Amino acid sequence: MKIWVDADACPVVIKNILFKAAERTCVQLILVANQPMRMPPSRYVTTIQVASGSDVADDEIVKRLNSGDLVITADIPLAAQVIEKGGHALNPRGELYSEENIRERLSVRNFMDGLRGSGIDTGGPPPLSQKNRNAFAAHLDKILTQYA
């Protein structure tokens with residue numbers, strides 16, 4: 001198993017949890033972004049820098065993803081592609097996407113996107129809470145224990 005990170009929008013605190021997990025479990029962690037990424041020195045952590053543009057990092061992750069790999073992303077369409085390809089997708093807020101919930105998440109995302117497109121301010125997500133961090137770490141540990 002490899003862990004792929006949609007790294008441009010991934011919170012630093014989540015990256016730090018991932019860096020520690022990669023070292024602890026000896027699992028390869030790959031950060032994919034369209035800008036240079038700071039990372040600790042580690043033989044388990046690497047980066048891939050892609051060109052700027054919409055969905056370029058997402059496309060690179062899907063292209064390289066193997067069944068059973070884990071992807072860290074808040075991007076619901078990317079999560080849907082990961083699940084379709086046999087991977088696991090975990091939101092930085094601690095929500096594990098699955099075949100059972102991804103269609104609903106896509107519908108809500110598309111609905112909200114439509115509202116924003118018509119000029120309605122839907123607000124943004126609340127700040128990442130300690131509860132979110134704990135949920136993320138718990139799901140990550142569970143996945144790594146089961147599949148790594």
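Which side chains meet in a salt bridge with an N to O distance of 2.4 Å? In this predicted model, the side chains in question are those of E60 and R64, and the description below begins with the sheet and the helices that surround this pair before returning to the charged residues.

The model contains an open sheet of six strands with mixed pairing, in which the strands follow the order β3-β2-β1-β4-β5-β6. The two edges are formed by β3, which covers residues 45–49, and by β6, which covers residues 96–97, each of these strands pairing on one side only. At the β6 edge, the neighbouring strand β5, made up of residues 88–90, runs antiparallel to β6 and is joined to it by two bridges; in one of the pairings between these strands, L90 has L96 of β6 as its bridge partner.

Helix α1, spanning residues 12–25, lies across four strands of this sheet, namely β1 (2–6), β2 (28–33), β3 and β4 (70–72), and runs at about 150° to β2. Helix α2 contributes the buried residues A57, D58, E60, I61 and V62, and these buried residues pack against β1, β2, β3 and β4 as well as against helix α3, which comprises residues 76–84.

Three salt bridges are present in the structure. One of them is formed by the side chains of R24 and D141, at a distance of 2.6 Å from N to O; because R24 belongs to helix α1 and D141 to helix α5 (residues 130–147), this pair ties together parts of the chain that are 117 residues apart in sequence. Of the two partners, R24 is exposed, with a relative accessible area of 53%, whereas D141 is partly exposed, its relative accessible area being 33%.

Two further salt bridges involve E60 of helix α2. In the pair introduced at the outset, the side chains of E60 and R64 meet at 2.4 Å, N to O, and the two residues, being four apart in helix α2, are separated by about one helical turn. E60 also forms a salt bridge with K63, for which the closest N and O atoms are 3.5 Å apart; here the residues are three apart in the helix, again a separation of about one helical turn. The accessibility of the participants is graded, since E60 is buried with a relative accessible area of 15%, R64 is partly exposed at 41%, and K63 counts as exposed at 59% relative accessibility. Through shared partners, the salt bridges join E60, K63 and R64 into one network.

A contrasting case is provided by D69, which is located in the loop between α2 (56–64) and β4. This aspartate is buried yet takes part in no salt bridge, and the nearest side chain of opposite charge, that of K2, is 6.1 Å away. With the limit for a salt bridge set at 4 Å between a side-chain nitrogen of Lys or Arg and a carboxyl oxygen of Asp or Glu, the pair formed by D69 and K2, at 6.1 Å, is not counted. The side chain of D69 is instead joined to that of W4 by a polar contact of 3.0 Å. When neighbours within four places in sequence are left aside, the residues in contact with D69 are M1, K2, W4, G87 and H88.

Key:
Residues are numbered from 1 along each chain as its sequence is written. This is a predicted model: local features need pLDDT of at least 70, side-chain atom pairs count only at pLDDT 80 or more; totals for chains, interfaces and linings use all residues. Side-chain values use heavy atoms; hydrogens and water are left out. Two strands pair if DSSP finds at least two bridges between them. Contact means heavy atoms within 4.5 Å. Axes are lines fitted to C-alpha atoms, for helices over the stretch in contact, and angles run from 0 to 180 degrees between N-to-C directions. Buried means under 20% relative accessible area, exposed over 50%, partly exposed in between (1.4 Å probe, protein chains only). Lys and Arg count as positive and Asp and Glu as negative; His and the chain ends are not counted. A polar contact is a pair of N or O atoms within 3.5 Å; within protein, one must be able to donate a hydrogen and the other to accept it, and residues adjacent in sequence count only if both atoms are side-chain atoms.
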